[in-house]
Amino acid sequence: MRLSTLLTPDRIAFSDELMEWPDAVRRVAQPLLDTGDITAGYVEAMTESIAAGGTYIDLGFGIALAHARPESGAVRPALAMLRLTEPAPLLGQPEHSVDLYFCLAAPDAHVHTEAMGSLARLLSDPDTRHALRAAACAADVTALITRFEENR
Amino acid sequence: MKIMAMCSTGLGSSFMLRMNIEDVVKELGLRDVQVEHSDLSSASPTSADAFFVAKDLEDAAQGLGDVTVMDSLIDKDELRAKVKALAERHALV
């Protein structure tokens, strides 16, 4: 599963608004909700699991990957991204300061782990991670992901 | 030896961690190391020789034995240092 097919430009957003984490999660998920890739229940499941102490979605380097179980309402495989100017720390905890939110939806466990794996490779590459954090628009993001996938 | 990467659901973060551990194991040339992933609730001290978890499970994973806690799941430098330390502890290098 190529990330460039999951993270299309219409699913990438930038915002300089100040917001708290539940709004950031809703905002990153909005494009997927609009196109029916996820249900409202999926967004709820993500916020509930984070509220229950799920800072596990914090990957480090200001990046968080919001996701819920496939059966919570993932309809089609999709990935969305929200880049914030001001961090929206998870659960308001400064040690979980996040300004780059991803939202992953996958209807089955196989696609879920496959997409997770691709994303882990992308984000664990220091150069790509820096470029992603420095990206200023959706076109920058899709270009660097495509480049990463072509060079592998 | 067997290393188990764990997260609360066994679906996402643990798989990310497992992949990165496998990369580092290969990079360091460690032999006879097997890496798996699982959710925390189905793991017991006999499930593996060493366990890797993210920070949020630090407390919950105590009692499993040799537990390594990761600050970040995507920091290869941190992971490399911690896998190296593990290999030394278990006399793999």
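According to an unreviewed UniProt entry, residues 5-148 of chain A carry the annotation "domain: PTS EIIA type-2". In the predicted model described here, this stretch of chain A is 44% helix and 17% strand. The C-alpha atoms at the two ends of residues 5-148 of chain A lie 13 Å apart.

Chain B can be introduced through its secondary structure. Three kinds of detail help here: the elements, their order and the overall dimensions. Chain B contains 3 helices and 4 strands. Read from the N terminus, these elements follow the order β-α-β-β-α-β-α. The radius of gyration of chain B is 12 Å, close to the 12 Å expected from the globule rule for 93 residues, so chain B is as compact as a globular protein of that length. Measuring along the principal axes is another way to picture chain B: its C-alpha trace spans about 30 × 25 × 20 Å.

The interior of chain B comes next. Of the 93 residues in chain B, 54% are buried, that is, under 20% relative accessible area. Among the contacts in chain B with a separation of 6 or more, 60% are accounted for by residues 24 or more positions apart.

Turning to the outside, chain B exposes about 4,200 Å², and carbon and sulfur atoms supply 45% of this area. Charged side chains complete the picture: chain B has 10 positive and 16 negative ones. The centres of these two sets of charges in chain B lie 5 Å apart.

Key. Residues numbered from 1 in each chain as written. Chains lettered and ligands numbered in written order. Predicted model: local features only at pLDDT ≥ 70, side-chain atom pairs only at ≥ 80, totals over all residues. Heavy atoms only, no water. Rg over C-alpha atoms; globule rule 2.2 N^0.38 Å. Buried < 20%, exposed > 50% of the residue type's maximum accessible area, 1.4 Å probe, protein only. Contact = heavy atoms within 4.5 Å. Areas by Shrake-Rupley, 256 points an atom, 1.4 Å probe, with all protein chains shown as cover. Lys, Arg positive; Asp, Glu negative; His and termini not counted. Charge placed at Lys NZ, Arg CZ, Asp CG, Glu CD. UniProt positions renumbered as here; feature names shortened; annotations may be inferred.
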